[in-house]
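I opened the model to look at each chain, then at the contact and a few chosen places. My notes follow in the order I looked things up.

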Amino acid sequence: MSPSTSPVSARNVGIVIVSHSPHVARGAEDMVRQMVGESVPLAACGGNPDGGLGTDVAAISAALDTAWSDRGVAVLVDLGGAEMNAEMAVEMLDESRRDRIRICNAAVVEGAVMAATEASMGSALTDVCAAAEDAI
Amino acid sequence: MPTMNKLCADVAAAVRANADALTELDRAIGDGDHGANLRRGFDAVAALGAELDAMPPGQALQKAGMTLVMKVGGASGPLYGSLLMGIGKSLAGAANPAPAGGTPSPSEIAEALRAGIDMVRQRGKSDAGDKTMLDVLIPVCEALDEGVSQSLPIPRLLDELGAAAARGLESTRALRARKGRASFLGERSIGHLDPGAGSGRIIIDALCASLRGTS
């Protein structure tokens, strides 16, 4: 699944959702949108390069671009491979952008909703990640 | 010496031939996609073809590693990708790096494998005894160091590497998984071979066969 696009609101921290499943990614994105509308830059991706269960570094890179905010991006991942592939995508960025991305240690769906809610209030990246990590 | 293109093609063929067996190992204690994921990744590496031979070995391995990262789609992509990128970076940074078509010295290869394994440790936040590919790679690296220090003839050295890989794989059977999805199974992971160690052995064996000219 290619990352979905959203109008970028660079005033708020962005959110990227990475799941092994394209359906989970899309569903979590829907739940976030229902909560925060268009107030937060948001992108979701799921599935391996062939579209099966897994994650795709190129799709994660594209999602980071889509949800980019100069205030930073919080990344929510589901299982180990998603985390490692997200790390690879982050490491491929310029150093100036790399430092503004955090991979949250949080449940992907609950974490994404809580992080986005926090971000919609204009909070800093650290607080957005803390909200995700306190979600359950 | 086989060309880099031939080495990669031989590894890809071995991964393809063993993909179903790897998937079986992974189905027992993981998510059952290891064979298919690695096949997709190594097929993409093999598809680089002659492009690999046009580059110095260090650069070619970095390119192959990045290809695995982009194509595998599971945790083994960043792990094997980091391994190859670490090896390639070390070879490219050697005092007199081998040019395109050239062969690094055994001691340069040993040094590079150590660097690659360090990258895998960092990427996976894991080490020996966690029931991962490192339980094959580390014994192979030790056997390579030992063989190089004793100046073993290449065929003997390759035998030692194959034996170390086999021992390493078998050692994972008694281990409790501490990384990846197998760790969710806790004690129930004991008694199964680790799929990542399984693919590690297949890759080492394929490399040895290719270097012997018997693949």
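**Chain A, overall**

I began with burial: 57% of the 136 residues of chain A count as buried. I note here that this is a predicted model. I then listed the secondary structure of chain A and got 6 helices and 4 strands. From the N terminus, their order is β-α-β-α-β-α-α-β-α-α.

For the dimensions, I took the principal axes, along which the C-alpha trace of chain A spans about 35 × 30 × 25 Å. I also checked the radius of gyration, which is 13 Å for chain A; this agrees with a compact globule of 136 residues, for which a value near 14 Å would be expected. Next I looked at contacts in chain A between residues at least 6 apart in sequence, and 76% of them join residues at least 24 apart.

**Strand β1 of chain A**

I picked strand β1 of chain A, residues 14-19, and asked how many of its residues are buried. The count is 6 of 6, and the strand is mostly covered. I sorted the residues by direction: Gly14(A), Val16(A) and Val18(A) point one way from β1(A), while Ile15(A), Ile17(A) and Ser19(A) point the other way. Both sets are buried.

Which strands does β1(A) pair with? One is strand β3 of chain A, residues 73-77, in the parallel sense over 5 bridges. I looked up one residue there and found that Gly14(A) has Val73(A) as its bridge partner in β3(A). The other is strand β2 of chain A, residues 42-46, where the pairing is parallel and has 5 bridges. Here Val18(A) has Cys45(A) in β2(A) as its bridge partner. I followed the chain from β1(A) to β2(A): the path goes through helix α1 of chain A, residues 22-36, and this β-α-β crossover is right-handed.

**Met114 of chain A**

I placed Met114(A) in helix α5 of chain A, residues 108-120. Is Met114(A) buried or exposed? It counts as buried, because it has 24 C-beta neighbours inside 10 Å, and 20 are enough for that label. Leaving out residues up to four places away in sequence, I found that Met114(A) touches Ala131(A), Ala132(A) and Ala135(A). I also took the distance to Ile136(A): Met114(A) and Ile136(A) are 22 residues apart in sequence, and their C-alpha atoms are 9.8 Å apart in space.

**Chain B, overall**

I ran the same kind of check on chain B, which has 10 helices and 0 strands. Along the sequence the pattern is α-α-α-α-α-α-α-α-α-α. The radius of gyration of chain B is 16 Å and the globule rule gives 17 Å for 215 residues, so chain B is as compact as a globular protein of that length.

The C-alpha trace of chain B spans about 50 × 35 × 30 Å along its principal axes. I found that 56% of the 215 residues of chain B count as buried. Of the contacts in chain B between residues at least 6 apart in sequence, 67% join residues at least 24 apart.

**Helix α5 of chain B**

I then turned to helix α5 of chain B, residues 57-71, which has 15 residues. From first C-alpha to last this helix reaches 21 Å, close to the 21 Å expected at 1.5 Å a residue. Why is α5(B) described as largely enclosed by the rest of the structure? The reason is that 12 of its 15 residues are buried. Among them I noted Pro57(B), Leu61(B), Leu68(B), Val69(B) and Lys71(B).

I looked up what these buried residues pack against. In chain B the partners are α1 (4-17), α3 (34-46), α4 (50-53) and α6 (76-92). In chain A they are α2 (57-66) and α3 (80-91). Just after α5(B), I noted that Gly73(B) takes a positive phi of about 85 degrees.

**Contact between the chains**

Last, I counted residues at the contact: 16 come from chain A and 14 from chain B. On the side of chain A that touches chain B, α2 and α3 of chain A each supply at least two residues. The largest share of that side, 6 residues, comes from α3(A). I sorted that side of chain A by class and got 7 nonpolar, 6 polar and 3 charged residues.

Definitions and conventions:
Residues numbered from 1 in each chain as written. Chains lettered and ligands numbered in written order. Predicted model: local features only at pLDDT ≥ 70, side-chain atom pairs only at ≥ 80, totals over all residues. Expected span 1.5 Å × (residues − 1). Contact = placed C-beta atoms within 7 Å. Nonpolar A, V, L, I, M, F, W, Y, C, P; charged D, E, K, R; others polar. Rg over C-alpha atoms; globule rule 2.2 N^0.38 Å. Pairing = 2+ DSSP bridges. Right-handed = clockwise from strand over helix to strand, strands pointing away.
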